[in-house]
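These are my notebook entries on a structure that I examined for the purpose of orientation. I record what I looked up and what I found.

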Amino acid sequence: MTTNFPDRLDLLLEFGPEVLVNSIAITETFKVNFGFFTSLRMTEEVAGFPIKTFGNDRLGGAGMTGSAFKLLSFIYACDIIAGMNTLFYGDNLKVLRESIKDESVDLVYLDPPFNSKRDYNILYREPMGSSSSAQITAFEDTWHWTDETERTFQELMDTASPPLAEMMRAFRGFVGVNDVMAYLTMMAIRLVELRRVLKPTGSLYLHCDPTASHYLKILLDTVFGKKNFRNEIVWKRTSSHNSGKRYGPINDIIFFYTKNDEYTWNTIYQSYSENYLNKFYRHTDKDGRRYRLSDLTGAGIRHGETGKKWKGINPTAKGRHWMRPPSELDKWEKEGRIYWPSKGGMPAFKRYLDEMPGGPCQSNWTDINPISAQAAERLGFPTQKPVALLERIISASSNEGDVVLDPFCGCGTTIAAAEKLGRQWLGIDVTYLAINLIENRLKEHFPNSKFEVTGTPTDVASARDLARRDKHQFEWWAISLVGARPNNDKKKGGDTGIDGIRYFRVSPTETVKVVVSVKGGEHLAPTMVRDLKGVMERENAAMGIFISLEKPTAGMKKEAASAGVYKTPLGATYPKLQLFTIEELLNNAKVHAPSQDETFKKAGFIDTSKQQEIEY
Ligand SMILES: C[S@@+](CC[C@H](N)C(=O)[O-])C[C@H]1O[C@@H](n2cnc3c(N)ncnc32)[C@H](O)[C@@H]1O
């Protein structure tokens, strides 16, 4: 069932103040953020209801007031699976299928990996101006034909609409079974889901580049229908690119499709080009206002007011009529809006530049610059798109309060733009680093933003599951629990015995390093702590943090204690080597360390190096 929240809000408000329990936060979030409310309903504090879980059988539960009953009925009626403003960590196909309802999203923007056959690194700057940039492989942009792809292809043959199944079969015959076909198969099954979750008035923007845009257009035509193709937007993403013996490839392609003929649309205006201004806005008033001239008459004669003489000029004699009745022309004359040519002739209307909205935006976007190395919004995430690009798309194809979904959300550009423009949002990414980056971005740029993160471990069992499924993602997640960021690129074979790194400022001029080691396995031994001690010495680290899934042994604790304490220049002392279990960290255990933290957020994501050279 689709929920139209603004309509439901009126209904809810009717139920009276006691339903909006003594919490201003609730009334506020009702208006903008249903997801927050959805999660709140589980807590006693908000509900004030003697109920924590929520289900059909509990609706009439003992102890609830009539209003509370209505409130819960209301929530139930909304039938919400995912609250809005949610970050999902996981494969978007699974998340779409399990958590995003049919026809619940107004706008989808997706910027999937482009089959460029390369890995993308996140760059981290060292805090005290060190020249070397740590690089971590954020995601691998390589699709191979595997058993899984074959299964997905067969699923498309069995379940997709006949045109899509037929098209994929033809693609396979023509493209062959290779990486490109794997990429197209992965995209096809997701596009079907993305169309499903779009509201009937919804739109989809697919960001890609000429590597695969020709194939993707065919795919989109098949999934959305040719008649729902609206634009191929060409975005000039950089000013030049040297490429021997061919023209420099400097543009991306963004396909714009809608689900139907009727869709949300707000015309976007762009400032006029210098060329246009010089050609048309050639006049300037005494007070400096720039203007162009427009006809005051239109073709054809009229017998009413607009056909009459004005200021001695008879438009009928010239086979024309005034654009407005003479009384209005008088008003314009008084306002100084009529232009009289010095050599005589027909007067004209002055159209002032400062009153014009600009020109309607065209499909060739050359006015949104790539993120420069110095840009404040730069996070060091490869393939990060400018917020201005997403602001344009979101403003054109959604309204305030609408739901925007980015199923390949990277470092969260769509989410930041949606948050800024008062939209609800859903973001999905399969890389834990991306999710962590977005959490930090939101906390830093939108401290009042309310959102949920799902898919990341919330208890020991799910942490163990992640460790079993993906060691790297588990380590990235575990070090984030102590505010650290990855240190070396193990995906590329580098292993220095350090999984994470964190910095603390201990005086105005001194920052110390803390190294983090994570063990996701079942077998722990004192030698592991001893190894970390060795690494701390080698790296000249002030402190070390050892994180494990299992409880440390007595021998390990003894080994950690033998490391002694770290003393800051101001004389505070902290255990030099601290052991934590995942369970303790999930229960909010904190690292004992100086409070002036100069680490992750500010130092972490600013790149000063070569990212600009990344080529898709
Ligand atoms: C090109 S980047 C997106 C960049 C983003 N537009 C931004 O401005 O930051 C593609 C992202 O898709 C993610 N990704 C790749 N495959 C995915 C999948 N199956 N499910 C969810 N996310 C995926 C990658 O981890 C990566 O962060």
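Is K311 buried or exposed? I looked up its surroundings and found 11 other C-beta atoms within 10 Å, so K311 is exposed. The rule I applied calls a residue buried if 20 or more other C-beta atoms lie within 10 Å of its own, exposed if 12 or fewer, and partly exposed in between, with C-beta atoms placed from the backbone.

**Entry 1: the model and its numbering**

I noted that this is a predicted model, in which local features need pLDDT of at least 70, side-chain atom pairs count only at pLDDT 80 or more, and totals for chains, interfaces and linings use all residues. Residues are numbered from 1 along each chain as its sequence is written.

I then checked pLDDT, the predictor's confidence in each residue, from 0 to 100. Its mean over the protein chain is 81, and 77% of the residues reach 70 or more. Over residues 1-70 pLDDT stays under 50, and the model has 85 contacts beyond four places in sequence for this stretch. Residues 598-616 also stay under 50, with 44 such contacts. A contact here means that the C-beta atoms of two residues, placed from the backbone, lie within 7 Å.

**Entry 2: the chain as a whole**

I found 21 helices and 26 strands in the protein chain. Helices (H or I, at least four residues) and strands (E, at least two) are DSSP runs, numbered from the N terminus. Of the 616 residues, 37% count as buried. Among contacts between residues at least 6 apart in sequence, 65% join residues at least 24 apart.

**Entry 3: two lysines with positive phi**

I returned to K311 and located it in the loop between strand 11 (297-299) and strand 12 (320-322). Its phi is near 55°, a positive value in a residue other than glycine. K245 likewise has a positive phi of about 55° and is not a glycine. I recorded the background for this entry: most residues other than glycine have a negative phi. K245 is found in the loop between strand 6 (229-236) and strand 7 (251-258). It counts as exposed because it has 4 C-beta neighbours inside 10 Å.

**Entry 4: the largest nonpolar core**

I looked next for nonpolar cores, each a set of buried Ala, Val, Leu, Ile, Met, Phe, Trp, Tyr and Cys residues joined through C-beta atoms within 7 Å. The largest has 112 residues, of which V108, L206, L220, I438, V514, V516 and I547 touch the most other members. Helix 9 (residues 179-197) gives the largest share of this core, 10 residues. Domain 2 (86-141 + 186-260 + 366-454) and domain 4 (460-610) both contribute, so the core lies between them. The domain bounds come from an automatic or database domain assignment.

I followed L220 further: leaving aside residues up to four places away in sequence, it touches L191, L206, F255 and Y257.

**Entry 5: a five-stranded sheet**

I traced an open sheet of 5 strands with the order 20-21-22-23-26 and mixed pairing. Strand 20 (485-486) and strand 26 (577-581) stand at the edges, each with a single partner strand, so one side of each has no neighbour in the sheet. Two strands pair if DSSP finds at least two bridges between them.

Strand 21 and strand 22 run antiparallel and are joined by 7 bridges, and a hairpin of 2 residues connects them. Within this pair, F504 stands opposite V512 in strand 22. Strand 22 (residues 510-519) pairs with strand 23 (residues 543-548) in the parallel sense over 6 bridges, and V516 stands opposite I545 in strand 23. In strand 22, 8 of the 10 residues are buried.

**Entry 6: helix 17 and a distant partner**

Which residues of helix 17 are buried? I listed F474, E475, W476, W477, A478, I479 and S480. These are 7 of the 10 residues of the helix (residues 471-480), so helix 17 is largely enclosed by the rest of the structure.

Finally, I looked up L433, which lies in helix 15 (residues 432-445). L433 counts as buried because it has 23 C-beta neighbours inside 10 Å. The C-alpha atoms of L433 and W476 are separated by 6.6 Å, although the two residues are 43 apart along the chain.
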